[in-house]
Amino acid sequence: MIQDIHRLDAEVRLRPAAPADAESLAVSLTRSRAYMQPWEPVRPDSFYAEQGQRERLAGMFADRDAGRGMSWVLADEADRAIGGFNLNSIVLGPFRSGTLGYWVDVEYTGRGLATTAVQRICEVARDGLRLHRVEAGTMVDNVASQRVLAKCGFEQYGTAPRYLHINGEWRDHFLFQRILHDGPPTG
């Protein structure tokens with residue numbers, strides 16, 4: 001279930017991130033760097049290199065192994081990573097929640113891929129991890145990401161002033177959540 005691969009359209013699928021994705025993630029992130037700059041933290045050039053992505057993936061896999069996170073990539077027909085989706089800060093017990101983050105390569109935006117991937121990840125969070133809720137934050141002017149979340153059943157529940165340091169400044173964010181089920185905590 002958690003290792004399932006989901007076809008999102010004729011060319012793109014969602015699959016778990018793998019160590020071999022470092023090179024294609026570096027290429028995709030470099031290609032999308034200017035496009036994503038308004039929504040991203042300032043990152044060193046090394047982040048956009050293959051080694052930087054290897055180190056980033058190693059951290060993601062450590063979080064996965066500790067039960068704190070899960071990571072997927074969008075993969076094109078040649079199995080190159082063209083986007084990333086993470087369910088981080090997973091907390092079980094009576095809270096049973098995780099935080100969603102995602103990005104899509106500039107050459108693949110506007111195709112509904114993020115919406116379909118977020119839906120699939122919410123299914124995994126509900127059915128596989130038995131999470132009660134998934135939360136996400138967007139900068140107040142990131143209307144495209146807000147549309148993705150709304151289409152996927154997320155509701156805005158608050159505003160966080162100066163929430164994250166993005167593109168060189170502390171930025172206000174809208175906070176969203178999707179309640180996945182109201183059953184008791186299990187698992």
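This passage describes the nonpolar cores, two helices and the aromatic contacts of a predicted model.

Local features were accepted at pLDDT of at least 70 and side-chain atom pairs only at pLDDT 80 or more, whereas totals for chains, interfaces and linings use all residues of the predicted model. Residues are numbered from 1 along each chain as its sequence is written, and side-chain values use heavy atoms, with hydrogens and water left out.

The largest nonpolar core (buried Ala, Val, Leu, Ile, Met, Phe, Trp, Tyr and Cys residues joined through side-chain atoms within 4.5 Å) comprises 31 residues, and Leu74, Phe85 and Phe154 have the most contacts inside it. Two or more residues each come from β3 (70-75), β4 (81-91), β5 (97-104), α3 (113-128), β6 (133-139) and α4 (143-151); helices (H or I, at least four residues) and strands (E, at least two) are DSSP runs, numbered from the N terminus. The greatest contribution to this core, 8 residues, is made by α3. Beyond its neighbours within four places in sequence, Phe154 is in contact (heavy atoms within 4.5 Å) with Leu100, Val118, Cys122, Val134, Glu135, Ala136, Leu149, Phe176, Gln177 and Arg178. Another core, of 13 residues, lies apart from the largest one and includes Leu29, Met36, Met60 and Phe61.

Helix α1 (residues 22-36) has a kink of about 35 degrees centred on Thr30, the bend at a residue being the angle between axes fitted to the seven residues ending there and the seven starting there. Its buried residues (under 20% relative accessible area, with exposed over 50% and partly exposed in between; 1.4 Å probe, protein chains only) are Ala22, Ser24, Leu25, Ala26, Ser28, Leu29, Ser32 and Met36. Their cover includes α2 (50-65), β3, β4 and β5. Met60, in helix α2, counts as buried because its relative accessible area is 15%. Leaving aside neighbours within four places in sequence, Met60 is in contact with Ser71 and Asn86. The C-alpha atoms of Met60 and Ser71 are 6.8 Å apart, with a sequence separation of 11 residues.

The whole structure contains 2 aromatic pairs, defined for Phe, Tyr and Trp (its six-membered ring) by centres within 6.5 Å, with planes under 30 degrees apart stacked, over 60 edge-to-face and the rest tilted. Phe47 and Tyr48 pair edge-to-face, at 5.1 Å centre to centre and 80 degrees between the planes. Phe85 and Tyr102 are stacked, at 5.6 Å and 15 degrees; this pair links strand β4 to strand β5 across 17 residues. Phe85 is buried, at 0% relative accessibility.
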